[in-house]
Structure formats: C-alpha cells, structure tokens
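Q: Please give me a close look at one part of this structure, starting from a single turn and working outwards to its surroundings. I am new to it and would like one connected account.

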Amino acid sequence: MYEGESGIRQIYGDTISSLSQGDTIFGFSGDIKTNYISEKDLEIYIKARIDKRIRNKVILAPSAYADSLKKGAEAQLREVKIFTETKSLNFPSVDIKIYGNKIAIISHRENFLGVLIESKDISQMCKIIFESLWNSLPKE
C-alpha cells in the first residue's frame with residue numbers, strides 16, 4: 001500500500017524498473033481531475049519510459065485528461081482508446097496499471113492512495129479483460 005506523493009513516485013518508478021525494453025503497460029483511467037504526480041515528475045517518468053521503449057496502451061473515460069493524453073501519443077509510445085458507452089457510468093478518479101506480473105490500483109481522490117498486487121494469474125486475467133475491451137472499442 002502506498003500513500004501521498006512519494007507513494008505515487010514509487011509505483012510509477014516500479015512500472016519502469018519492473019519491465020524490460022519493449023514491454024507494455026496496459027491501463028484504465030477514470031475521471032482523473034487531480035494527479036498527485038507533478039508535471040516535472042511526469043515528464044521524467046515519460047522520458048524514462050520512452051528511453052526504455054516501454055509502450056503504454058490505455059483506455060480512458062472521456063475527459064480533458066483523456067484529450068491531453070491523446071496529444072503526442074505516438075511520440076510518447078502511447079495508444080489511447082476512449083470508453084464509448086458512458087451515459088450511465090460515473091467514472092471514479094482511479095487509474096489501473098497492468099504490467100509484468102503486477103497490477104497497480106491508484107485512487108486520485110482527496111489524497112493519493114495506491115495498492116500494488118504482484119500475481120501472475122491476476123495480472124494475466126486483467127490483461128485478458130483489457131485486451132477484450134480494447135478490441136471492442138473503435139480506433140481513435
């Protein structure tokens with residue numbers, strides 16, 4: 001379990017240190033209005049991910065945050081798809097990252113809280129769910 005700004009740095013750092021060159025981070029992001037990682041730290045993280053050639057595939061709730069991630073996505077080794085069936089959904093401020101044999105679940109509400117689960121089976125099941133949804137969504 002991780003809390004606060006230092007916690008988010010640890011989780012984001014783990015996504016880089018746990019993966020090899022050419023691996024992919026799969027993710028879901030809800031309605032992120034506040035990101036507890038600073039712009040400077042985010043730039044450092046993205047540069048480290050790009051330098052290691054780690055791709056990022058993410059499914060996002062429609063939002064200004066989603067629009068910002070679509071900009072420059074190709075240069076940042078990011079593929080983005082947006083949830084299409086959103087009329088009845090109230091997306092929480094949560095980010096889920098699936099990478100290697102790990103899943104990070106991050107809440108951005110009030111103060112940062114993150115949980116890291118390391119399990120090959122759970123990670124594999126989450127990747128199957130991600131790919132199934134990814135393949136059902138239209139290309140952006």
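A: Two residues are said to touch, or to be in contact, when they have heavy atoms within 4.5 Å of each other. With that rule, and not counting residues up to four places away in sequence, Gly100 touches Leu19, Ser123 and Lys127. The model is predicted, and for that reason local features need a pLDDT of at least 70 and side-chain atom pairs count only at pLDDT 80 or more, whereas totals for chains, interfaces and linings use all residues. Residues are numbered from 1 along each chain as its sequence is written, and side-chain values use heavy atoms, with hydrogens and water left out.

Gly100 is found in the loop that runs between E5 and E6. These labels follow DSSP runs, numbered from the N terminus: helices (H or I) have at least four residues and strands (E) at least two. The loop belongs to the hairpin of E5 and E6, with two residues between the strands, and here Gly100 adopts a positive phi near 55°. With a relative accessibility of 26%, Gly100 counts as partly exposed; the term covers the range between buried (under 20% relative accessible area) and exposed (over 50%), found with a 1.4 Å probe and protein chains only. Lys71 is 29 residues from Gly100 along the chain, and the C-alpha atoms of the two are separated by 26 Å.

The hairpin leads into the sheet. Strands E5 and E6 run antiparallel and are joined by six bridges, where two strands are taken to pair if DSSP finds at least two bridges between them. Beside the turn, Tyr99 has Lys102 of E6 opposite. On from there, E6 pairs with strand E7 (residues 113-118), again in the antiparallel sense and over six bridges, and Ala104 faces Leu116 of E7.

What is the order of the strands in the sheet? The sheet is open and is formed by seven strands in the order E1-E7-E6-E5-E2-E3-E4, with mixed pairing. Strand E1 (2-3) and strand E4 (78-82) stand at the edges with a single partner strand each, so one side of each has no neighbour in the sheet.

E2 is next to be described. Four bridges link E2 with E5 in the antiparallel sense, and Gly27 has Lys97 of E5 opposite. With E3, by contrast, E2 pairs in the parallel sense over six bridges, and Thr24 faces Arg55 in E3. E2 is mostly covered, with six of its six residues buried. In a regular strand, the side chains alternate between the two faces of the sheet. Thr24, Phe26 and Phe28 point one way from E2, while Ile25, Gly27 and Ser29 point the other way, and all are buried.

One of these residues, Ile25, also takes part in a nonpolar core, that is, a set of buried Ala, Val, Leu, Ile, Met, Phe, Trp, Tyr and Cys residues joined through side-chain atoms within 4.5 Å. The largest such core has 13 residues, and Ile25 and Tyr45 touch the most other members. Helix H1 (4-17), H2 and strand E6 (102-107) are the elements that give two or more residues to this core, and H1 contributes the most, with four residues. Tyr45 touches Tyr12, Thr15, Ile16 and Ile25, leaving aside residues up to four places away in sequence. A second, separate core has 11 residues, including Ile98, Phe130, Trp134 and Leu137.

Two further loops bear on the backbone angle already met at the turn. Most residues other than glycine have a negative phi. Arg53, in the loop between H2 and E3, nevertheless has a positive phi near 60° although it is not a glycine. Leu77, in the loop between H3 and E4, likewise has a positive value, near 55°, in a residue other than glycine. Are these two residues buried or partly exposed? Arg53 has a relative accessible area of 43% and is partly exposed, while Leu77, at 7% relative accessibility, counts as buried.
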